[in-house]
Amino acid sequence: MNPPTAANAPRSGTAWRGLIEEYRRYLPVTDSTPVVTLREGNTPLIPVPTIAAEIGKGVRVFVKYDGLNPTGSFKDRGMTMAVTKAKEAGGEAVICASTGNTSAAAAAYARRAGMRAYVLIPDGYVALGKLAQALMYGAEVIAIKGNFDRALELVKESAEKYPVTLVNSLNPFRLQGQKTAAFEVTDGLGNAPDWLCIPVGNAGNITAYWMGFNEYYQEGRCTKLPRMMGFQAAGSAPFVQGGIVKDPETIATAIRIGNPANYDKALKVRAESNGEFNPVTDEEILVAYQKLAAEGVFCEPASAASVAGLLKKKDAVPFGATIVCVLTGNGLKDPDTAIKRSGDDQFYQGVEPDMASVAKLMGF
Ligand SMILES: *Cc1c(COP(=O)(O)O)cnc(C)c1O
């Protein structure tokens with residue numbers, strides 16, 4: 001079950017060394033590449049039996065909880081590679097547009113590498129925890145009066161005009177790092193799953209997973225390839241509508257993207273994997289978000305789109321299938337949504353500090 005390690009990277013002990021070292025031979029690095037790592041990767045594949053029971057048919061459902069990466073999202077997988085390669089090329093600064101998690105990861109890895117990070121975010125549409133991270137890691141945070149899509153246009157132009165490296169998922173090294181999640185899923189299950197359910201924003205992650213599964217398949221490390229099932233928020237679903245969405249809206253701010261950077265690549269993934277793109281409403285996302293919490297797994301709303309989508313498509317799930325839902329980010333990123341979603345029948349405020357009052361609320 002151990003992933004392959006490079007012969008030239010002997011380990012003294014069993015501690016996980018980060019995905020570049022652990023999967024070195026699959027990645028574009030050399031012995032002299034200055035690896036920038038926070039020991040990302042190696043996240044758990046957690047069974048969710050209640051959700052599996054809701055589907056029935058003897059299916060097994062796991063969540064790949066990538067919210068347990070160092071900055072709390074899968075973006076760390078891409079950022080360790082992107083910042084490593086920027087450093088190797090002598091870069092001194094990185095830039096990204098972000099709905100939040102990319103900025104947190106870029107800020108952390110850039111800081112670790114002694115580089116500056118500039119991040120452009122849509123003002124008012126970034127979850128609180130993500131903003132706190134980018135600031136704390138020392139990024140220059142530029143909140144624009146425009147959405148993610150506009151921010152991306154501006155950073156692309158910046159990267160052409162100024163000495164800054166673009167680290168959005170247009171940066172090919174991002175996808176190289178992110179494909180390792182497919183390796184971990186396959187190593188963990190002993191084979192690829194039948195379905196891979198994943199939230200889709202810019203569609204970098206779905207593209208990277210597909211790349212990873214294919215590389216393992218070609219090496220005989222799995223005997224099948226999954227159907228790639230991408231899910232988008234209904235108010236922000238360019239892949240479902242078949243074109244750019246001008247004013248995307250959803251509570252799942254991490255996937256509030258109307259003009260995906262990896263549009264054509266993701267269409268290819270759908271075709272090659274016999275996959276699908278389907279929409280889920282904000283309400284369906286929030287229901288799945290709470291179902292996951294009831295299994296002990298707290299993810300952010302965008303991540304729950306994968307499980308919301310699976311439940312929506314349950315009639316199409318084959319008997320006995322093994323399904324992996326990707327949970328892209330940690331629930332702590334967005335405390336506002338979590339607290340708003342919790343009921344008044346659960347959170348009693350301003351209670352008198354006496355036993356009678358407390359016991360009454362406990363139902364005794
Ligand atoms: C970035 C992100 C996504 C979307 O990933 P893409 O590669 O842009 O499709 C989904 N969920 C969370 C939590 C994210 O941070």
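The following legends describe close-up views of a predicted model.

**Figure 1. Confidence across the predicted model.** The pLDDT averages 95 over the protein, and 97% of the residues score at least 70. Residues 1-8, by contrast, have a pLDDT below 50. This stretch nevertheless has 19 contacts in the model beyond near neighbours in sequence. Where pLDDT is low, the predicted coordinates should not be read in detail.

**Figure 2. The open sheet of four strands.** The strands follow the order β5-β4-β3-β6, and their pairing is parallel. At the edges lie β5 (140-144) and β6 (165-166), each of which pairs on one side only. Within the sheet, strand β3 (residues 93-97) is joined to strand β4 (residues 116-122) by five bridges in the parallel sense. One residue pair can be followed here: Val94 has Ala117 of β4 as its bridge partner.

**Figure 3. Helix α6 against the sheet.** Helix α6 comprises residues 148-161 and lies across β3, β4, β5 and β6. Its direction is at about 155° to that of β3.

**Figure 4. The span annotated as a Rhodanese domain.** An unreviewed UniProt entry carries the annotation "domain: Rhodanese" for residues 94-137. In the model, this span is 48% helix and 25% strand. The C-alpha atoms at the two ends of residues 94-137 are 13 Å apart.

**Figure 5. The surroundings of Asn202.** Asn202 belongs to the loop that connects β7 (195-199) with α9 (204-218). Asn202 counts as buried because its relative accessible area is 12%, which is under the 20% cut-off. The side chain of Asn202 comes to 2.9 Å from the backbone nitrogen of Ala261. When residues up to four places away in sequence are not counted, Asn202 touches Phe148, Ser169, Ile257, Asn259, Pro260, Ala261 and Asn262. Ala261 therefore appears both in this list of contacts and as the residue whose backbone nitrogen the Asn202 side chain reaches, while the burial of Asn202 is given by its accessible area of 12%.

**Figure 6. Lys265 in helix α11.** Lys265 is located in helix α11, which spans residues 263-273. Lys265 is classed as partly exposed because its relative accessibility is 40%, a value between the 20% and 50% limits. Apart from neighbours within four places in sequence, Lys265 makes contact with Leu175 and Thr207. The view also includes Ala203, which is 62 residues from Lys265 in sequence. In space, the C-alpha atoms of Lys265 and Ala203 are 8.0 Å apart.

Note on methods
Residues numbered from 1 in each chain as written. Predicted model: local features only at pLDDT ≥ 70, side-chain atom pairs only at ≥ 80, totals over all residues. Heavy atoms only, no water. Buried < 20%, exposed > 50% of the residue type's maximum accessible area, 1.4 Å probe, protein only. Polar contact = N/O pair within 3.5 Å; in protein donor to acceptor, adjacent residues only side chain to side chain. Contact = heavy atoms within 4.5 Å. UniProt positions renumbered as here; feature names shortened; annotations may be inferred. pLDDT = per-residue confidence, 0-100. Pairing = 2+ DSSP bridges. Axes fitted to C-alpha atoms, helices over the stretch in contact; angles between N-to-C directions.
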